[in-house]
Number of protein chains: 2
Amino acid sequence: MAIASIKEVAKLASVSVGTVSNVLNRPDAVSPATRERVLNAMNELGFVRNESARALRSGRTRTMGLVVLDVTNPFFTDVAKGVEAVAADNGMIVTLCNSDQDGPREHRYLHHLEEQRVQGILITPVERENERLEQIIERGTPVVLLDHRATRRNRCSVAVDDVLGGRLAAEHLLAQGHRRLGFVGGSWTISQVAERHKGAAQAVEAAAAAQAESAEAGSAGAPTLALIDVPSLSFASGRHAAERLATMPEPDRPTALFCANDLLALGLMQGLTAAGLRIPDDVALIGYDDIDYAGAAAVPLSSIRQPREELGRVAAELLLEEIDAGERHRHRQVLFDPELVIRDSSVRR
Amino acid sequence: MAIASIKEVAKLASVSVGTVSNVLNRPDAVSPATRERVLNAMNELGFVRNESARALRSGRTRTMGLVVLDVTNPFFTDVAKGVEAVAADNGMIVTLCNSDQDGPREHRYLHHLEEQRVQGILITPVERENERLEQIIERGTPVVLLDHRATRRNRCSVAVDDVLGGRLAAEHLLAQGHRRLGFVGGSWTISQVAERHKGAAQAVEAAAAAQAESAEAGSAGAPTLALIDVPSLSFASGRHAAERLATMPEPDRPTALFCANDLLALGLMQGLTAAGLRIPDDVALIGYDDIDYAGAAAVPLSSIRQPREELGRVAAELLLEEIDAGERHRHRQVLFDPELVIRDSSVRR
DNA sequence: GAGGAACTATGAAACGTTTCAGCCATCTTG
DNA sequence: CAAGATGGCTGAAACGTTTCATAGTTCCTC
């Protein structure tokens, strides 16, 4: 029943356990003949190395932990893919944990990861401050923050520039000739939402300033950015917001909407269409995240794409570097640029 | 740097290591006073139990492995959620592995899981036959097949009845009065595709037989099921198929399409709409899987829903049972019924 | 042919737990 | 008060590896 141990392999091959271990870890240090014999014995017994014993003795595991806010979110699964690829290239395995935005759950997982003595942890923390995480770092496990900029310079982080993303979206809408823009978003405590809005506001302000300078008489009014508040970044919120927008008097209604994420934008698209407004003719629309279904919408949705897999890859590389370098490691904060993806929903015909 | 061991805790608390271990594993066997002392010492030193040592000595880990075909597929992430919930309730942790439909990758992961001495494995195998998996089972690790019916009675499996799903979809379209149905699917080696088609064919045949029996003169022709072959179950395939369908002479074109999955259906929806056909008036549409975005489509998409989280939950429970029962365990094959979700895309107005 | 490299293989210690037989006190019971 | 039961703790063995000092061969080289 129990899996054969190195000892039984050694007996069958008539060698010492040390030699069997060498076959496993330093095959070159063993003569071809004995190596062959040991390998045969392993095969015959169905030997599988016991990773617990190996980790215990050698003091190092081959595992890194990845803690995400939501495994069902494509953003995180793509990130996970990137992490996994880099890990695999370096002979490591990833333990994927889903905190589900729940503090206690996250806490439990971190505890488990530390008990497992993972070599390092990649995490998008539920809360900005996290005592458990601090302790783990203090005790010597490297941690890289994912999709969260490290505020203090005392650790590595990998994130995407949401302010830039917001600016790109708004600039695109302005370039299409729109003057009455709207930002649809909510849960302002979410830093991503606040930053995307900030970027859009910057773009609108800059455009207004430029226009004032050139002082064109007779041109349309200065560009504005209305704020459409929603309770959450969900499809339902988008549908609901669409109903409110549809009943606004036409001269007040924004002609172009920038949504804090794609789900919201898709909800708006369905709602606005149902209310008889056409996209992009009556209202232009741009989302954020470029989820798989953005291109599959009734009117293909323009969006802002984040380099998700690369985010994961770079995060994993940073972690590996810290694992290798140890004390010599210098923390880095990497910030990626998002990318504008133009589809039909925002382009004037 | 290194995390304190039980030994150092013992020294600081002036007790033996055995007592520290008891505090960890059988707190009741230790007097409150010493327990307190030990706990304090642990706190002071930042003690974290070494799971490798524990697993090595006790001979059992607290881990189960879950190997899926694609972590970015919502089907599997929902299943994973179910698995995770049950595991957590039983003090276990799940190592999630993504085979990415790649045989060698799957092989590597299985090897790793066996080295880790996981208590059991849940897997949707890439290939039906899998030697590595056989060996693992032979060596005593319980395995439950996910979304794959065990052919032989020699293991547990959990799956959804795709034949029934196909029948439900076709019966619904027939009930809406459609007579010229079409099945859109491809990669007939995928058992899911073949079975969904089989169910639809059964429903159409039954309807034809019923009609022949009642022998109504002047009624429309017997119901038929056309086959629209596509290379893959993707959005692009759907768009492409739509173009072909749109150019068919109207009397030949099916008035209702059952797509092997939702992605395909969404592609068809976009393509048919772009070609000037209206849904559901000109063509009714129903998909399969009920992905999140089905309801968010331009015309909310009818679909067949699988009890995904429950699939995961039951699979995990089966595995736990087998882990507990050991030799006494009787293998079971669980088959779930899918559910028809009616939305606008298939309902005659 | 002596002296030394270069190879190979050995055997025991160590990693941090759990487990368990056994010991000492204290308590219970007749 | 003797005898047994109970409760609390100890100390050492064991889990399956890796690691390393050591030793035995073989092969060169001068």
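1. Copies are superposed by least squares on the C-alpha atoms of residues with pLDDT of at least 70 in both. On that basis, chain A can be laid on chain B with an RMSD of 0.1 Å. The operation is a turn of 180° with a shift of 0.0 Å along the axis. That is the relation of a two-fold axis.

2. A word on the source: this is a predicted model, in which local features need pLDDT of at least 70 and side-chain atom pairs count only at pLDDT 80 or more, while totals for chains, interfaces and linings use all residues. Residues are numbered from 1 along each chain as its sequence is written, and chains are lettered from A and ligands numbered from 1 in the order in which they are written.

3. How do the copies meet? Of the interface residues of chain A, 100% are also interface residues in chain B, so the copies meet through the same surface. (Two residues are in contact if their C-beta atoms, placed from the backbone, lie within 7 Å.)

4. Now the DNA. Strand C is surrounded by 28 residues. (A residue is near a strand if its C-beta atom, placed from the backbone, lies within 6 Å of it.) The closest are A:Gly18, A:Arg57, B:Ile6, B:Ala53 and B:Arg57. Chain A gives two or more residues from each of α2 (17–25) and α4 (51–58). Chain B does so from α1 (6–13), α2 (17–25) and α4 (51–58). (Helices, H or I of at least four residues, and strands, E of at least two, are DSSP runs numbered from the N terminus.)

5. What is the make-up of this surface near DNA strand C? It has eleven nonpolar, twelve polar and five charged residues. (Ala, Val, Leu, Ile, Met, Phe, Trp, Tyr, Cys and Pro count as nonpolar; Asp, Glu, Lys and Arg as charged; the others, Gly among them, as polar.)

6. Look next at α2(A) and α3(A), the latter spanning residues 32–45. Their axes come within 10 Å and cross at roughly 95°. (Axes are lines fitted to C-alpha atoms, for helices over the stretch in contact; angles run from 0 to 180 degrees between N-to-C directions.) The two helices are therefore roughly perpendicular, a label for 65 to 115 degrees. A:Thr19, A:Val20 and A:Val23 of α2(A) meet A:Thr34, A:Arg35, A:Val38 and A:Leu39 of α3(A).

7. Chain B holds an open sheet of four strands, in the order β7-β6-β8-β9, with parallel pairing. (Two strands pair if DSSP finds at least two bridges between them.) The edge strands are β7 (224–229) and β9 (284–286). Three bridges join β8(B), residues 256–259, to β9(B).

Notes:
Parallel < 35°, antiparallel > 145°, perpendicular 65-115°, else oblique.
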